[in-house]
Amino acid sequence: MSQPVPDQSDLRGLSQAEAQARLRAEGPNELPATGQRNIQAIALEVLREPMFLLLVAAGAIYLLLGDVGDALMLLGFVFVVMGITIYQEYKTERVLEALRDLTSPRALVLRDGAEQRIAGREVVRGDILILAEGDRVPADAVLISCNDFAADESLLTGESAAVRKIGNPEAHELQPPGGDDLPFVYSGTLVVQGRGMARVLATGAHTEIGKIGKALQELGTEATPLQKEIGRLVRKLAIIGVLLSLLLLVIYGLTRGDWLHGLLSGITLAMTILPEEYPVILTVFMAMGAWRISKHKVLTRRVPTVEALGSATVLCVDKTGTLTQNRMAVQQLMLPPLPPCRGKVGMGVEQYRDNVSTPSDGTTSHLTRLSNNDSQVIGYLTLPLQGGGNASSNEQVAGIDRSCSWPGSTASFVTDDSSAPLPEAFHELVEFGILSSETEPFDPMEKAIHALGAQYLADTEHLHRDWVLAHEYSLSPELLALSHVWKAREREEYVVAAKGAPEAVADLCHVDEQQLAKLSEQVNTLAAQGMRVLGVAKASHSGSVWPDIQHDFDFEFLGLIGLADPVRPTVKTALKECAAAGIRVVMITGDYPATAAAIAQQIGLNAGSGGIVSGPEFSQMDDATLRERIRNSNIFARMVPEQKLRLVNALKANGEVVAMTGDGVNDAPALKAAHIGIAMGAHGTDVAREAAALVLLDDDFATIVRAVRLGRGIFDNLRKAMAYIFAVHIPIAGLSLIPLLLGWPPVFAPVHIVFLEMIINPACSIAFEAEPAERGVMQRPPRNAQEPLFGKYIFLLSLLQGVFVLLTTLAVLGYALSHGASETEARALTFSTLVIGNLGLILVNRSWQYTILRTFNSHNPALWWVTGGAFGFLLLALTLPFLREVFHFAPVTPFQFVLSLAAGLCSVLWFEMYKLFRRH
């Protein structure tokens, strides 16, 4: 059902002041938040963590032993560690909350008489919404007017069939959803057809979806493969930690007879092995990674997608708007081919010398107006003038008068010369191109057609701002054409304007095979120049009963409109970067193969040995043939959105990790099926954005490539942080257990573990997270998606790093004890060596390709705060008497400290040698 859409100049909507006042009074347009944690909830979670409980238990044992000072100092450190943990968790929660705000649905409203795109939560009662196909309705509202409007209300009613809507500006009381021909639209439902304007009646908890309440609470999400892998690692380490702690308790109690100190040593060992950092790091890296990517105009709707970016092997991208600028301009108009014609002697010929085009064969052609003896224009054609256009007008006239016949010819007009007037024969083509477009166009092609009309038809009778849109036929997958039915004030009959794919419009006009062949030649001529081609037709209709389908109108084909969309200047460089990174780029377009080939040539995209695959050809292939063909084909033309899903599934069946772009309603299944669905933020629909994992704010292909680069860097840093944690816990655990087995005095008390945790936690969750991506991150193939985060190579590397630091610290401990050092002196030297080795592990793991000296050029202030703070606190613990007593240290000489420093650095020096060996 259709009603005239009122001119927006007649509606102003709310003022900004009114909207802000209602937002303050009635609250934001959102359901009660779930799953969000405030700082109190985070603190309670930290209090329940095993590490905190172990620290409290250790403090209690110190009190039982009478060491009040140690107990108080340990509890003081507990609060420091708690503060760091709460800060990290709170920061992560705020980042996630900011991402939720950024990725919330947007709404197009009318305020102060102008269209504004705002966050859905800012919509207030009384706002005027502008709704179009693909939009998610942000609030309950009544339609003021609509054209061919239908909505999917299955979210509320359970009925899958879309319901038809009508406009009724007088309605003010909401009715429950369900059934056709209601004027109400409801929050959360989807516009599947048409466009309209609606006035908001209810927001937030007062909407129909708000009343459902708990039934719409978000379901728990399944853990990602990476989360499952981390979970398995944590469980294994936890079991190992418990068993070793019990073993240490038994050995200490049996050999030394001091079960209380044995329990303290067991708790200390459990604290060293407890893998509480791993889940925290994963959460922090994914959330902060998504935030960093958002700074590059890519919003992450599903945070785990960050890890998948580095493994993408195929980028399937739409040509229009992603590879091109989506700034259409009409470049050429072309009238239908003239049938073979024989004229009368004396027919007049008038040359338009200001419209000269030079074809590739070197001839020059003039647009020619043909008129009969009564000076009536009977057609236009392009006639070639041999010899570079030097033939005189008289010779050309004589040539026509002499033969008085010509084969079917074509008239065209190139719009790149704005000073040339538009010949009269083309006025009707532009006129009906405008009539078949929206009055307030959003589509770039329709904007370009309107701009052409404003340029050439401003002072003519071919612009009809006073006509009323009476009916509308939408584009469909079965017929790639649409029609608008207009009521002209000066006519009784209705005027029908159609546009769409040339073959679809030709089908509406019922052209014969000969005419269709000539039309195809025209289309290919324009498409070969990289243009998007539309056909335009006209018809008239009498009566108030509309035909069910567009085919029932008696259409007349008016001609072709060729539109050019310039390629984005960043695409060529981005394509080269993808090639270097081993990422295959596949271009998908609804345009003709010739257009796709021209654009591909401009950007340097190879079609592949399989050539260009067209939509009809694609449909005829069985799955096995398709899978084989797409291995070597990178361009898919004349594709409809429904075919994208099949393409994604075929690529996935070939073992590819697929990233797919899309913007329309019909793109949603493909976006959902792809490993990485990427929706267009600038011109995409809400349903596409909701189906996608990423939203591209500027719709630029180069931005996708930047996101892949960032994703690779984030995963690399996550892997380095995990490897560092595993490596650094090996010497800590070894120094807790081995000295007791050898009969040496214990090295660690809980206070030492807390000190080390104050280095480890910020290092892995702040310093490594802020590390810039390594040079050459896009000069290597994508990582295998099946490759675990902590594979055999990484495990062996971390194990060797940890073992070398452990052996070095044991050597220092043994040397000190064998040369008469006291227990406290040996502890101070061993602990100093361990801390230096710990800081060395941080520095060498910044890069697994380049040496420490090369990494100093990478900007990472957080790293230097962590390492500098740890080193400074170690110096304080060694020099201040109060801290020496807390840590049970004896004074050390500068020479002894230098020896510890050298030993700690030597424990990681082998890895620097290994990096040089691998590179050379």
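Helices here are DSSP runs of H or I spanning at least four residues, numbered from the N terminus. All the views below come from a predicted model.

**View 1. A nonpolar surface patch that includes W259.** Welcome to helix α8, which covers residues 259-273 and contains W259. Together with V250 and L254, W259 makes a nonpolar patch of about 320 Å² on the surface. W259 counts as partly exposed because its relative accessibility is 45%, and partly exposed residues are those between the 20% and 50% limits.

**View 2. The second largest cavity and its lining.** Five cavities of 30 Å³ or more are counted in the model, and the second largest holds about 60 Å³ of space. Its lining has 11 residues, with R106, A107, L108, L131 and D135 nearest the centre. Strands β1 (106-111) and β3 (128-132) each contribute at least two lining residues. Six of the lining residues are nonpolar and five are charged, with no polar ones.

**View 3. The salt bridge between K165 and E153.** Here the closest N and O atoms are 2.5 Å apart. This pair links distant parts of the chain, 12 residues apart: K165 sits in the loop between β5 (163-164) and β6 (184-185), and E153 in the loop between β4 (140-152) and α5 (154-157). Both partners are buried.

**View 4. The salt bridge between E912 and K915 in helix α31.** The closest N and O atoms of this pair lie 2.7 Å apart. E912 and K915 are three residues apart in α31 (residues 894-919), so about one helical turn separates them. E912 and K915 are both buried. Elsewhere, K319, R532 and D591 are joined into one network by salt bridges that share partners.

Definitions and conventions: Residues numbered from 1 in each chain as written. Predicted model: local features only at pLDDT ≥ 70, side-chain atom pairs only at ≥ 80, totals over all residues. Heavy atoms only, no water. Patch = residues over 30% accessible without salt bridge, like charges linked within 9 Å, V, L, I, M, F, W, Y side chains within 5 Å. Areas by Shrake-Rupley, 256 points an atom, 1.4 Å probe, with all protein chains shown as cover. Salt bridge = Lys/Arg side-chain N within 4 Å of Asp/Glu carboxyl O. Buried < 20%, exposed > 50% of the residue type's maximum accessible area, 1.4 Å probe, protein only. 1 Å grid on protein atoms, 1.4 Å probe; cavity = no way out; pocket = protein on both sides within 12 Å on 5 of 7 lines; lining within 4 Å. Points joined across faces, edges and corners; volume = space filled by probe spheres on them. Nonpolar A, V, L, I, M, F, W, Y, C, P; charged D, E, K, R; others polar.
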